[in-house]
Amino acid sequence: AVVTKTLLEANALVNLANDNGDTALMLCVQKLSKTSSLKLSYLVDYGAKIDRFNVCFRNVLHHAVDSHNVDAVRTILQLRDAKKKSHALSGLCPDPLHLQDEVHETPMMILHRSEHMDYKTRLEIMNLLRKAGAAADADIDTTMRTVHARNHRPRSVHYSQRPIKRCTRCL
């Protein structure tokens, strides 16, 4: 956490993306450690944006749910709500809570298909997502559409200027 704060104080570009399109915030929420919450708060304090998405169209909320990071999910949803109340979220296309990645999965669908998440964590994340307004319709039909989408070419998405390329971490 000290290194993160030092870099940010030295004016590091907090929203700069790597070759896969992942920002520092996305990489931070993927790591479950004692200092990840502190790093997350530093990044947010220095202007990290929650509306960015990578080349697989996954945003920070997708990554937080996929990595079972309850604190990150809670923080991201609080930021989303604060932006929504200040009308700053209206410029996002689409809302991070409902964004589908290239295989048409929303954060709620990622939660439902996750195999290695303990019950307490799954329930806590599900309650956070539902409270924020996520659709709880990840039923068998939705799951089957997701499986079907994985076996076919991903759709083009109008709100991205990036070419579709798959990163190995999101497959």
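**Contacts, burial and a pocket in an all-helix chain**

Apart from neighbours within four places in sequence, Ser67 is in contact with Val29, Gln30 and Leu32. The model in which these contacts appear is a predicted one. Ser67 itself is found in the loop between α4 and α5. Its side chain also reaches back to the backbone oxygen of Ala64, at 3.3 Å. Is Ser67 buried or partly exposed? With a relative accessibility of 14%, Ser67 counts as buried, because the cut-off for that label is under 20%.

From this loop, the view can be widened to the whole chain. The protein chain has 8 helices and 0 strands, and read along the sequence it follows the pattern α-α-α-α-α-α-α-α. Of the 171 residues in the chain, 44% are buried. The chain exposes about 9700 Å², and carbon and sulfur atoms supply 54% of that area. How do contacts spread along the sequence? Among contacts between residues at least 6 apart in sequence, 72% join residues at least 24 apart.

One pair of residues helps to picture how sequence and space can be set side by side. Ser67 and Leu111 are 44 residues apart along the chain, and their C-alpha atoms are separated by 9.7 Å. Leu111 and Thr121 are 10 residues apart in sequence, with 10.0 Å between their C-alpha atoms. Leu111 lies in helix α6, which covers residues 107–113. Its relative accessible area is 0%, so Leu111 is buried. Leaving aside neighbours within four places in sequence, the residues in contact with Leu111 are Val65, Met117, Arg122, Ile125, Met126 and Leu129.

Another buried residue sits in a loop. Asn59 is found in the loop between α3 and α4 (60–66), and it counts as buried because its relative accessible area is 2%. Which backbone atoms lie by the polar atoms of the Asn59 side chain? One is the backbone nitrogen of His62, which lies 3.0 Å from a polar atom of this side chain. Another is the backbone oxygen of Pro96, 2.9 Å from a polar atom of the Asn59 side chain. Beyond its neighbours within four places in sequence, Asn59 is in contact with Met26, Ile50, Arg52, Phe53, Pro96 and Leu99.

The loop between α3 and α4 also holds Phe57. At 2% relative accessibility, Phe57 counts as buried. The backbone of this residue deserves a pause. Most residues other than glycine have a negative phi. Phe57, however, has a positive phi, near 60 degrees, and is not a glycine. His104 is also a residue other than glycine with a positive phi, in this case about 65 degrees. His104 has its place in the loop between α5 (70–85) and α6. Is His104 buried or partly exposed? Its relative accessibility is 21%, so His104 counts as partly exposed.

Earlier in the sequence, Asn15 has its place in the loop between α1 (2–9) and α2 (24–29). The side chain of Asn15 reaches the backbone oxygen of Gly47 at 3.1 Å. Gly47 also appears among the contacts of Asn15. With neighbours within four places in sequence left aside, those contacts are Thr23, Gly47, Ala48, Lys49 and Arg52. Arg52 is also one of the residues in contact with Asn59.

The last feature is a space rather than a residue. Rolling a probe the size of a water molecule over the atoms shows where empty space is left. In this model, the largest pocket holds about 210 Å³ of space. Which of its 13 lining residues are closest to the centre? They are Thr4, Leu7, Leu8, Ala24 and Leu43. The elements that give two or more residues to the lining are α1, α2 and α3 (36–45). How many of the lining residues are nonpolar, polar and charged? The lining divides into 8 nonpolar, 3 polar and 2 charged residues.

Terms used. Residues are numbered from 1 along each chain as its sequence is written. This is a predicted model: local features need pLDDT of at least 70, side-chain atom pairs count only at pLDDT 80 or more; totals for chains, interfaces and linings use all residues. Side-chain values use heavy atoms; hydrogens and water are left out. Helices (H or I, at least four residues) and strands (E, at least two) are DSSP runs, numbered from the N terminus. A polar contact is a pair of N or O atoms within 3.5 Å; within protein, one must be able to donate a hydrogen and the other to accept it, and residues adjacent in sequence count only if both atoms are side-chain atoms. Contact means heavy atoms within 4.5 Å. On a 1 Å grid over the protein atoms alone, a cavity is a set of points where a 1.4 Å probe fits but cannot get out, and a pocket is an open set with protein on both sides within 12 Å along at least five of seven lines; lining residues have an atom within 4 Å of a point. Grid points are joined across faces, edges and corners, and a volume is the space filled by probe spheres set on the points. Ala, Val, Leu, Ile, Met, Phe, Trp, Tyr, Cys and Pro count as nonpolar, Asp, Glu, Lys and Arg as charged, and the others, Gly among them, as polar. Buried means under 20% relative accessible area, exposed over 50%, partly exposed in between (1.4 Å probe, protein chains only). Accessible areas come from the Shrake-Rupley method with a 1.4 Å probe; for residues, only the protein chains shown count as cover.
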